[in-house]
Amino acid sequence: MSNFAQTFSSSLGKKLIMSLTGLFLCTFLIVHLVGNFQLFKDDNGQAFNSYAYLMTHFTPIKVVSYLLYTSIIVHALYALILTMGNRKARPVGYAVQAGNANSPWTSRNMGILGTILLIFIVIHMGDFWWKYHNAELPYAKYEISLDNPQDIKVSELPWDAKRLIHSDYVDTQAGKEIVVSKDLYKVVAKAFTTPWYVALYVLSMVALSFHLIHGFRSAFQTIGWDHKKYVPLIRFLGVWIFGVLIPLLFAAMPIFFLLKNY
Amino acid sequence: MSGNMNLTLKVWRQKNESSKGQFVTYKAGDVSPDMSFLEMLDVVNEGLVKKGDEPIHFDHDCREGICGSCSLHINGRPHGPKHGVATCQLHMRSFEDGQTVVIEPWRASAFPIIKDLATNRSAFERIQRAGGYVSVNTGGVPDANEIAIPKVIADEAFSSATCIGCGACVAACKNASAMLFVSAKVSQLALLPQGQPERYRRVQAMVAQMDEEGFGSCTNTGACEAECPVGISLTNIARMNRDYFTAKLFKEDEV
Amino acid sequence: MKLDAKIPEGPLAEKWSKHKFNLKLVNPSNKRKYTVIVVGTGLAGASAAASLAELGYNVKAFCFQDSPRRAHSIAAQGGINAAKNYQNDGDSVYRLFYDTVKGGDYRAREGNVYRLAEVSVNIIDQCVAQGVPFAREYGGLLDNRSFGGSQVSRTFYARGQTGQQLLLGAYSALNRQIHNGKVEMYTRHEMMDVVTVDGKAQGIITRDLVTGKIESHAGHAVLLCTGGYGNVFYLSTNAMGCNVTAAWKAHKRGAYFGNPCFTQIHPTCIPVSGDHQSKLTLMSESLRNDGRVWAPKTIELAQKLRKGEIKVTDLKEEDRDYFLERKYPAFGNLVPRDVASRNAKEAVDAGKGVGASGIAVFLDFADAIKRLGEDAVRAKYGNLFDMYYQITDENPYKQPMRIYPAVHYTMGGLWVDYNLQTTVPGLYCLGEANFSDHGANRLGASALMQGLADGYFVIPYTVGDYLATIGPKAVDTSHPAFAQTKKEVEDRISKLLSLKGTKTINEYHRELGLIMWEYCGMARTEEGLIKAKGLISALREDFWKNAIVSGINEEFNQNLEGAGRVADFLELGELMVDDALNRKESCGGHFRVESQTEEGEALRDDENFAYVAAWEYAGDNQPEVLHKEELVYENVKLTQRSYK
């Protein structure tokens, strides 16, 4: 076995893979969140749809996104491998185990939390990513006044296989910018007005919160980034930014749509 | 003496490594709160021997918390409910009259059961042998004050070196991981100047042996640190990880 | 047989270097043809096994624990002495030598002690090189403290666990040799007997404690590093497994036993709390630097305290008797261990003991807390206070500690010559198991020093001389002596297992301990000792009729292990009493009530007892034969110790 193969097949190496993929996924969350802020804009999804197009069709981002999918798969796969190894390390369990006395619940249930998240990701991608790429969705046509960008007129165009997913041109005569986009925003808006779907999202974000409260800090510990002066910062980021703020903002999106429609 | 307690013990009994074990219930009567947990078991054993039964086997020796022999999982926790002590220093006043106490051996495939509550912890021995030393022969060493070691470093190395090798970290870990134990030794020598020449070899050798022994991997739950009778800190694990990855990815030392 | 200590001729300071030169060397290419057996892997055993393996010998090492790291050397708290003179306070090899001889009440060999002091400096170098984390100053250099009433600061320490750190150092050196294949390590193996062939030690019989298998092992030399026998008292600061079996079996095979009655009683231990007590916990001697020892002035007050009618904090200053300060104004609470212990016993015997049992005196920190503040006291003694609180559930910051002396160390042990060889050629004895360096009383922080001196720096030279002499002829277990000894071992085990009486092993052990403590403990009288002899002999007889030993041999059987050890203690106990009876003087830890000064202090009799009593086993139920090794003092003038 080569040195590197040996390194990554060791227990520490596998953990390093978990850590690096996990941290990469964390950085993605920030990007994803910032992008999704477009949903809060009151523009009938014009910004959001443009953003969706950018994310799926700009080559560097596409490369990164495949890295991302790989990370998710590797993260889940190695979690499975490690869990099976860990089960084998204690074939006979304790009759009584007072786990809460010595460790936080989240740290002991990363597998369950991760499984919830994986299921969520599959649903989430199936509903949006898959549909966006493959489903016969209607289009939204935005007519944006060049004088006043706040003045946007929107109309729906039916599905047309020949139409570009996204087009953008300026009609100088009309003084308008015409944007035609496959209307992912509508799909999102519709989904987020379904209560059970919103509930699933919120629940998943709770799982994300717990997963990151432990996971973020744990990733640094695994890499060995442990420094008296910086550990408090990592803990703060792990708990308050990744554990609370980010999941909260993600959860706010479906809730926002749900409330908007009531 | 008034204030004595009566307890119900559910004790894991297993004849030897290959046989099947089960819980057996015993009554421990007239238990003084001043007894240590092991002394309470001594009394139960005296009763068993007198009845012609086999006494409960458990490892123990110094009974002052330093040799690391004692190893009981009591009511779901290694070394019982009290923080920062080994079982031998756990006193019965930490229990209540009428309580049921479940006593189990350390559970890990790397620690096979020898009998009842005694386990074979020789996996720890093999890990230490793989590299837990500074390769110096007797004699021919420099004067002890030749190397000045900053007090903070010396103190930190000392804290890592206080590990008593009891295995509570493995017992507490939901993955039966030995990371705290291994990292404590790796850290002690990685911190000190004497350990530098073999620093990156040592960490690779010891981790490789740890993996070979079949311990689980670390998921940073912190249960090991919380249950360690001498308070070995998780920082050691981070330090070992750092050294291991540095060794594997950036150093040319191989084992 | 005339005892020959083989102390080299010449001036004290040159004896060891000259001797090293005169010792024969083994050709480097021949070393791998020798096997050395090391029994016990504490400080002495681990350091010896590692050092011999480094030289190229094959080593087979044995311990009854599941790891060498668990040997009881690990429990030593205080520190290790070395004549480094790092503090520039006037220490020297000669001063350490002098202090040790004087502290031992002039019952140790000058030559041995000087060598001990000489190599003490190498030990520290060796340990530091191994990575032992000794305490350091802010400048990065090693810190020292003064210990056990010594006037210089020569004690190196690692917080309150110097023993563990030194043992882990030796253990790591041993591990390295196991890894290199030079040491074959047998854990959970107990030595059951020594095998002698043509009068020379050539192997041992062991029992695998997990499977019960009785095994024979052959070697060119056998090193016993099996620790002290303080557990003969049942309650002691020793670990539960500490035993005399290896040394005792060697004794029965011809090794003389030196000064068996010399035991050290440590003054500051946590008192017994009840019949269930299985061991006693020592608290470092350093507590006496700031704690004041006292007992209630009157028996009435003591009684009221015991019954709980008054609280200790109610006692006024004039109701307290700070007896050490009163009797020894010069040294006060810092008198040597034996003196402090005996005075505590006197107070208790006079009915002034405290605690529910009445067997304790106070060690009070109220003044120190007032003077230095609670935080300063915590910084100095925090871990000890916590330990006391944990065990007794009494807060020593709020009320005085209760302390009482407990058996801690045995200065006696197998008689060895200057080469650490017993009277059986090829059989060596190192560390606490031998009798050699501490005389009648061991000074604080000297046990670790001796164990490591023997293992690292003495035996690698001296055993080589013997091996060179006998030559590298292969040894194996085919000699009939092995089969014979093995059979004797098996017979004894069968005999033990056949005992299905009514009394447990523990009960016998406890009873023996009470006899030893009462009659052969801190104060010994002729009358008491004679009585004890009868009691022990009757107890032993009863043991072989009425004891219960459960289980079978072919399994992990802790009850059987205990039975074998207690059976040996029952024999040793009687020899200790014999030795105490023979030594009509008081010296060090051995206080004969008949031999005291007018002020009640120990009175030595140098004219008649300046010798090592070496006892020869003469057969079952035969009185042992006393041999005397006269102690010659060429450098130190014998004086009466005075701490007034």
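**Close-up views of a predicted two-chain model**

**View 1. Val34 of chain A and its surroundings.** In this predicted model, A:Val34 is partly exposed, with a relative accessible area of 46% (buried means under 20%, exposed over 50%, partly exposed in between; 1.4 Å probe, protein chains only). A:Val34 lies in helix H2 (residues 11-36) of chain A; helices are DSSP runs of H or I with at least four residues, numbered from the N terminus. Together with A:Ile30, A:Val31 and A:Phe37, A:Val34 makes a nonpolar surface patch of about 310 Å². Such patches join nonpolar side chains (Val, Leu, Ile, Met, Phe, Trp, Tyr) within 5 Å, from residues with over 30% relative accessible area and no salt bridge (a side-chain nitrogen of Lys or Arg within 4 Å of a carboxyl oxygen of Asp or Glu).

**View 2. The interface of chain A and chain B.** About 3,400 Å² is buried between the two chains, and carbon and sulfur atoms give 52% of this area (the accessible area, 1.4 Å probe, that two parts lose on being put together, summed over both). Of the area that chain A buries against chain B, A:Leu12, A:Tyr94 and A:Asn102 supply 19%, more than any other three residues. The contact (heavy atoms within 4.5 Å) takes 38 residues from chain A and 45 from chain B.

**View 3. Helices of chain A at the interface.** No salt bridges are found across the interface of chain A and chain B. Helices H1 (3-9), H2, H4 (59-89), H5 (105-108) and H8 (195-223) of chain A each supply at least two residues of the side that touches chain B. H8(A) gives the most, with six residues.

**Notes.** Residues are numbered from 1 along each chain as its sequence is written, and chains are lettered from A in the order in which they are written. Local features need pLDDT of at least 70, side-chain atom pairs count only at pLDDT 80 or more, totals for chains, interfaces and linings use all residues, and side-chain values use heavy atoms, without hydrogens and water.

Terms used
Patches are made of residues with over 30% relative accessible area and no salt bridge: like charges are joined within 9 Å, nonpolar side chains (Val, Leu, Ile, Met, Phe, Trp, Tyr) within 5 Å. Accessible areas come from the Shrake-Rupley method with a 1.4 Å probe; for residues, only the protein chains shown count as cover.
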